[in-house]
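Subject: Structure for you to look through

Dear colleague,

I am passing on the structure that we spoke about, and below it you will find my notes on what I found. Please read them with the model open beside you.

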Amino acid sequence: MFFNSPPSHAPFPSDLPTAEVPTLSSSKILDNDIGESQRLYEACCSTGLFFLDLRDSDRGTDETIFELDIEEKQRYSMLNGTVLGYKGAGVGRIDSKGTQDRCEFWCMSKDDVLEIIPALPAPEIVNKNRHIFATFARSCHTLSMTVFDCLEHQVGLPVGAFRGRHRIDQPSSDQSRQIRYLPQPEEDQRTSLVPHTDYGSVTVLFNVLGGLQILPAGKEPEEQNWLWVKPGPGCAIINLGDAMEKFSNGLLKSPMHRVTYAPGEQSKMTRYSLAYFTRPEDACLMKRLEGSKLIPQLDDGEEEGDITAGEWVRTRMKAAQVQKDQRANFPGWETKGLK
Ligand SMILES: O=C(O)CCC(=O)C(=O)O
Ligand SMILES: [Fe+2]
């Protein structure tokens, strides 16, 4: 896996409406720098998205999986209601008319790569690199913990309020996702990944080419309202997911985002993204957290119920279900603790 030294690529055009995204220093956050910690909190309460500068880190991705034959990739197609393994381009939808998406996924469960559940079927190229997936999961999980520590402090929650709901050795639906977006025909460039919010807690995202766009809060999803996120060298893009909005009853934000064609000259290149989704432990209850004066109270008469994170993610996955006809290929998977 690479990402430290991406291949040379066309520049991001300078004349596009880009989102103002603050760049935070990972070393300052780790050192509990007061100003940097405050900036992280402000970003999470406004857009829920920021860059984390990891200039001295060595994280990365790899394109080899996508170069396998399509038949081989499809042997690991996502199961009904799950988002693990392979998703081919065109399998997902980008709108209610059913327009096909334009990206391939390879997704690996944290529980699988850290051997919390038995290994799921995967191609040889993945099996012989499981240690890399494990290292990636641990590294991104640690980054998310850093964000949690900072936010617990800023929001005034008891120590461990977020961290303690995301213990790495506990079953959860955390996963890594490698994504490939092939160049689009010049005369037909459009959205390639559906507008969505992430449904976990913290997403750690690495990419080199542009294409990611966010919809500022309160704006209608019309073309002119989407803002480009220009990737910063050496930086991970961090965004919060819906679980954090839920825990903070709306204080922290989960940004609406989508992926479109890479802009300008970059559109001729294949775009890769590598994401890690940190999600609450399966057993954790999805409720507003107690203990902070900043977290708004529930509305009068509002009831949250006792839904666990496991059920919450399953419900969300079913809603975003991408492929219905693959379960028969891997009947054993159902019993292997798949989320
Ligand atoms: O490819 C990207 O930049 C974003 C991918 C994304 O939003 C997702 O997989 O949830
Ligand atoms: Fe996303």
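Strands β8 and β11 run antiparallel and are joined by 4 bridges, and within this pairing Ile 214 has His 257 of β11 as its bridge partner. Please keep in mind throughout that this is a predicted model. On β8 there is also a pairing with β9, again antiparallel, made by 2 bridges, and here Gln 213 is partnered by Trp 228 in β9. In a regular strand the side chains alternate between the two faces of the sheet. With that in mind, look at strand β8, residues 212-215, where Leu 212 and Ile 214 lie on one side, Gln 213 and Leu 215 lie on the other, and all four are buried, so that both faces of the strand are covered.

These pairings belong to an open sheet of 4 strands, whose order is β6-β11-β8-β9 and whose pairing is antiparallel. The edges of this sheet are β6 and β9, the latter being residues 227-228, and each of these two strands pairs on one side only.

At the β6 edge, the neighbour is β11 (residues 256-259), which runs antiparallel to β6 and is joined to it by 2 bridges. A good residue to select here is Leu 193, which lies in strand β6, residues 193-196, and which stands opposite Val 259 in β11. Is Leu 193 buried or exposed? It is buried, because 21 other C-beta atoms lie within 10 Å, and the cut-off for calling a residue buried is 20 or more. If we leave aside the neighbours within four places in sequence, the contacts of Leu 193 are Asp 101, Cys 103, Arg 258 and Val 259. Asp 101 deserves a closer look, since it is 92 residues away from Leu 193 in sequence, while the two C-alpha atoms are 5.6 Å apart in space. For the protein as a whole, 79% of the contacts with a separation of 6 or more are between residues 24 or more positions apart.

Leu 193 appears again in the surroundings of ligand 1, where the residues are Arg 177, Ile 179, Leu 193, Asp 198, Leu 205, Asn 207, Leu 212, His 257, Val 259, Ser 273 and Ala 275. The elements giving two or more residues to this shell are β5 (175-181), β7 (202-207), β11 and β12 (271-278). By type, the shell divides into 6 nonpolar, 3 polar and 2 charged residues.

As for records, the UniProt annotation, which comes from an unreviewed entry, places "domain: Fe2OG dioxygenase" on residues 172-280. Over residues 172-280 the model has 6% helix and 38% strand, and the end C-alpha atoms of the stretch are 6 Å apart.

Another set of pairings involves strand β2, residues 49-53, which is mostly covered, with 4 of its 5 residues buried. Strand β1 (residues 23-25) runs parallel to β2 and is joined to it by 3 bridges, with Phe 51 in β2 as the bridge partner of Thr 23. With strand β10 (residues 235-240), β2 pairs in the antiparallel sense over 5 bridges, and there Asp 53 stands opposite Cys 235.

Turning to the helices, how does the span of α6 compare with what it should be at 1.5 Å a residue? Helix α6 has 26 residues, 130-155, which should span 38 Å, and its end C-alpha atoms are 37 Å apart, so the two values agree. Just after α6 comes Gly 156, with a positive phi of about 80 degrees.

Most residues other than glycine have a negative phi, and it is therefore worth checking two asparagines by hand. Asn 32 has a positive phi near 60 degrees; it lies in the loop between α1 (26-30) and α2 (34-46), and it counts as exposed because it has 12 C-beta neighbours inside 10 Å. Asn 249 also has a positive phi, near 45 degrees; it is placed in the loop between α7 (242-247) and β11, and with 19 C-beta neighbours inside 10 Å it counts as partly exposed.

Finally, for the overall picture, the protein contains 8 helices and 12 strands, and of its 339 residues 40% count as buried.

With best wishes

Technical notes: Residues are numbered from 1 along each chain as its sequence is written. Chains are lettered from A and ligands numbered from 1 in the order in which they are written. This is a predicted model: local features need pLDDT of at least 70, side-chain atom pairs count only at pLDDT 80 or more; totals for chains, interfaces and linings use all residues. Two residues are in contact if their C-beta atoms, placed from the backbone, lie within 7 Å. Two strands pair if DSSP finds at least two bridges between them. A residue is near a molecule or strand if its C-beta atom, placed from the backbone, lies within 6 Å of it. Ala, Val, Leu, Ile, Met, Phe, Trp, Tyr, Cys and Pro count as nonpolar, Asp, Glu, Lys and Arg as charged, and the others, Gly among them, as polar. The expected span of a helix is 1.5 Å times one less than its number of residues. UniProt positions are given in the numbering used here, feature names are shortened, and annotations may be inferred rather than shown by experiment.
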